[in-house]
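Hi there,

Here is the structure I promised to pass on to you. Please have a look at it first, and then read my notes underneath.

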Amino acid sequence: MSAINMNEKAGKELLASFGIDTPQSFVASSAQDAQARAATLIAPYVVKVVSQDILHKSDSGGVAVGLNNEREVAEAIDRMSALPAIAKARVEGWLVEEMVPSGLEVAIGGFNDPMFGPVIMLGLGGIYIELLKDVTFRLCPISEADARSMIDDLAAAKLFDGFRGSPAYDREILVQALMQIGGADGLFLTHQDTIEEIDINPLIHTGDRLVAVDARFIGKAENQAARPTSANRTGETVLQHFRPLFEPRTVAVLGASTKDVTIANTFIRRLQEFGFTGEIYPIHPKADEVEGLKSYPSLAQTPQDVDYTYVAIAAERIATSIDVAPGKCRFIQIISAGFEESTEGQAKQDVLLEAARRAKVRLLGPNCLGTYSPRGGLTFPKDAPAEPGNIGVVSQSGGLSTDIIKRGQWRGLRFSGLATIGNSLDVKPVELLQYYLADPATKAIGLYIEDIKNGREFFDALRNAAHPKPVVILRGGATSQGQLAAQSHTGALASGQEAWEAMARQTLVEIVDTVDEFINVLLALQFLELRATTPTNNVVLFGNGGGSSVLGADSFARAGLDVSPFTPDVVDDLTALGFPPGTSVTNPIDTPVRSLQEKEGFIAKEILDIVYEKASPDAIAMHLNLAAFVGRGTSNPLQNLIDVITQTRKERGAQVHFVLALRSDRSEVLDGMRREYVELARQSGIAVYDEVVDMARSLRAISNLERKLIAHGQSMNNLAASEPQLQDA
């Protein structure tokens with residue numbers, strides 16, 4: 001069934017029922033009827049054609065404005081009736097309404113995202129919305145803080161304050177209109193089951209009124225699928241439910257061979273190498289022993305219940321292989337492919353899920369690689385770090401997850417866990433998000449997502465977390481909103497990314513574009529504590545190499561961070577240290593190798609003490625070109641520099657972020673040296689980057705997250721302050 005438009009008169013009546021101001025109006029059946037009734041309104045008048053066949057009235061000539069009397073109303077209807085586009089349409093009538101005085105024109109729209117549900121849009125209105133595309137989006141329900149931030153997002157926001165002599169407009173009138181459309185009790189959430197798109201354009205802000213002078217509502221098709229929800233955890237807390245996955249005591253493996261080295265054989269070997277201390281049960285229909293371990297004919301015949309089962313057998317055999325008594329197995333990870341990628345595979349997937357439901361077992365996958373949990377001794381990559389960390393990751397790509405673990409390992413990243421979930425047939429991304437949010441061992445969360453499955457539940461989990469944690473999302477396969485009718489300005493402006501960007505603006509989420517950026521931001525979150533009162537802005541750049549310092553300052557400026565020159569008193573104190581020629585101390589601090597070799601590198605402590613005490617930065621970004629230290633005298637101060645950084649941070653506290661870039665020429669010697677220093681820095685709690693630009697982008701992400709965290713804290717404080725008043729009332 002195709003979506004059906006609500007005519008403008010009905011749409012405005014719906015708006016009025018939610019408190020949105022609309023012009024006084026009536027629908028006339030003919031020119032004569034309009035002329036007879038026009039005197040009940042106050043001139044000047046506007047006349048619009050009412051027809052389901054005409055989506056854009058202005059384009060068809062179906063709008064007449066500035067009509068001064070009843071006769072002009074009738075003449076306008078006669079004139080419009082003869083236009084080709086209107087003459088061939090099924091005309092239901094003519095909307096006659098009072099003309100609203102000119103003012104600032106804005107647009108409020110919305111669309112029903114297939115994953116996230118209702119999304120509200122605000123933009124500069126009239127004909128400029130599609131020309132300038134000055135728009136912003138939020139997921140519903142919005143708060144008043146969301147509404148105000150939407151106004152601030154607009155490039156045209158200055159118009160509200162009176163730009164170049166133009167009148168000022170009350171923002172709070174627009175805030176309330178946004179709440180009436182997109183708030184918890186607003187129009188869109190109330191009617192989300194029947195409305196697909198909303199397009200109110202323009203609303204004219206006259207100074208004391210905000211009037212919706214045009215409105216279009218597009219109905220939802222009846223055959224749209226409901227958004228999925230995650231499975232019921234049968235009364236367990238999320239930590240209890242997922243503990244067997246991340247801390248299994250027993251592991252079963254299906255697919256290991258006595259003749260070949262399959263992926264399942266490799267998994268067993270890696271478990272043993274990794275130091276898994278629990279029981280491993282190979283499952284083989286004939287063999288007594290696999291990989292030196294006693295094997296069992298079926299999963300049902302293992303001597304103990306199984307916490308985690310690794311399955312790498314043909315897709316058509318899996319459903320019968322996991323058909324066990326309820327409670328026998330807690331989690332099964334399906335490595336095998338061959339499911340939803342084809343019609344036949346979809347049928348197999350349905351049978352697989354039904355078998356899992358009967359056995360009361362949770363499935364990860366199909367089409368994934370495994371779960372990595374240092375605290376549980378569980379791994380699938382070779383030589384992954386056994387040391388537990390504080391970064392929890394969910395990935396819908398097995399291969400990419402190996403990159404994240406291994407590339408992250410050499411960068412100093414350590415994990416509380418990483419689960420690959422492939423097709424997400426059963427366990428959904430939101431469930432593992434909820435686990436990491438509750439997990440005391442996890443400080444920050446990273447997700448690689450291609451199909452979020454149930455975005456509304458995901459958004460609610462992020463927004464309603466009692467103790468929010470920063471989340472970094474690397475999104476793959478961004479798609480357009482193919483389900484949208486795109487019959488409104490809102491639909492035409494929706495490309496598929498808006499709901500994700502809205503979700504990130506409203507929650508403690510940072511969206512990145514590459515694996516390197518994903519690792520870089522998680523690395524910062526591993527070592528840095530988000531500032532709770534003021535976001536990171538003022539940065540001191542300190543390193544060797546004049547050109548690198550200049551380019552670095554450019555990188556920070558592009559990232560929206562400030563590398564401003566020091567005040568004279570700071571410069572004087574730094575100059576008094578007596579550096580040799582070629583040293584600059586204005587910010588960036590540019591110290592040639594000779595300068596950094598002073599006092600075996602401990603000169604950096606004196607520099608940092610002055611910077612911390614007198615410059616009061618939000619962050620210090622240090623960069624060192626390792627090649628410049630090679631062959632430059634007998635002193636290599638890098639170990640001492642790391643000791644200096646560690647000591648200074650211990651003395652000064654964590655409120656000033658410290659990040660380090662160790663730049664290499666990629667020669668074997670320097671890369672080996674660099675790896676040693678990265679490990680030393682990791683043990684000292686210092687995030688190390690390849691280049692200055694990586695530090696700049698990572699600190700920008702940290703600053704963005706800090707702004708959201710501070711706003712969240714303010715919202716909680718405002719809510720707490722209002723509770724006694726509500727009780728008194």
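Below is what I found, sorted by topic.

**Confidence first**

Please keep in mind that this is a predicted model. The mean pLDDT of the protein chain is 90, with 91% of its residues at 70 or more. One stretch to treat separately is residues 479–492, where the pLDDT is below 50; in the model this stretch still has 46 contacts beyond near neighbours in sequence.

**Helix α22 and what comes after it**

Helix α22 covers residues 603–615, 13 residues in total. From first C-alpha to last, α22 reaches 18 Å, close to the 18 Å expected at 1.5 Å a residue. Its buried residues are I603, A604, K605, I607, L608, I610, V611 and Y612.

You may notice a lysine in that list. K605 counts as buried because its relative accessible area is 13%, and the cut-off for buried is under 20%. Which residue does the side chain of K605 meet in a salt bridge? The partner is D609, at 3.0 Å from N to O. Both residues lie in α22, four residues apart, or about one turn of the helix. An α-helix has 3.6 residues a turn, so residues three or four places apart point the same way.

Right after α22 comes S616, with a positive phi near 50°. S616 sits in the loop between α22 and β28 (619–625) and is partly exposed, at 48% relative accessibility.

**Other salt bridges**

A search of the whole structure gives 48 salt bridges. Two more of them may interest you:

- R37 and D33 form a salt bridge, their closest N and O atoms being 3.4 Å apart. They are about one helical turn from each other because they sit four residues apart in helix α2 (residues 31–37). R37 is partly exposed at 33% relative accessibility, and D33 is partly exposed at 22%.
- D690 and R674 meet through their side chains at 2.7 Å, N to O. This pair links distant parts of the chain, 16 residues apart: D690 is in the loop between β30 (687–689) and α25 (692–728), and R674 is in helix α24 (residues 668–683). D690 is partly exposed, with a relative accessible area of 22%, whereas R674 is buried at 8%.

There is also a network of salt bridges with shared partners, which joins E8, K12, K48, K57, E97 and D214.

**Aromatic rings**

Twelve aromatic pairs turn up in a search of the whole structure. One of them is Y372 with F415, an edge-to-face pair at 5.9 Å centre to centre and 75° between the planes. The two residues are 43 places apart in the chain, Y372 in strand β19 (residues 371–372) and F415 in strand β21 (residues 415–420). Y372 is buried, at 0% relative accessibility, and F415 is buried, also at 0%.

Elsewhere, ring pairs link F242, F246, F331, Y435 and Y436 into a cluster. R675 lies over the face of W410, 3.9 Å from the ring centre.

**Backbone details**

If you plan to look through the backbone, here are some places to visit. Where are the cis peptide bonds? One joins N201 and P202, with omega about 0°, and P202 belongs to strand β9 (residues 195–205). Another joins N587 and P588, with omega about 5°; P588 is in the loop between β26 (584–585) and β27 (589–590).

N367 has a positive phi, near 70°, although it is a residue other than glycine. N367 is in the loop between β18 (362–364) and β19 and is partly exposed, with a relative accessible area of 33%.

**Two single residues**

E517 is in helix α18 (residues 515–527). Is E517 buried or exposed? E517 counts as buried because its relative accessibility is 18%. Leaving aside neighbours within four places in sequence, E517 is in contact with V512 and R700.

S257 lies in the loop between β12 (250–254) and α10 (263–274). Outside its neighbours within four places in sequence, S257 is in contact with T262, N265 and V290. The C-alpha atoms of S257 and A287 are 8.8 Å apart, with their positions 30 residues apart along the chain.

Happy browsing, and best wishes!

Key:
Residues numbered from 1 in each chain as written. Predicted model: local features only at pLDDT ≥ 70, side-chain atom pairs only at ≥ 80, totals over all residues. Heavy atoms only, no water. Buried < 20%, exposed > 50% of the residue type's maximum accessible area, 1.4 Å probe, protein only. Contact = heavy atoms within 4.5 Å. Expected span 1.5 Å × (residues − 1). Phe/Tyr/Trp six-rings, centres within 6.5 Å; stacked < 30°, edge-to-face > 60°. Lys NZ or Arg CZ within 6 Å of the ring centre and 35° of its normal. Salt bridge = Lys/Arg side-chain N within 4 Å of Asp/Glu carboxyl O. pLDDT = per-residue confidence, 0-100.
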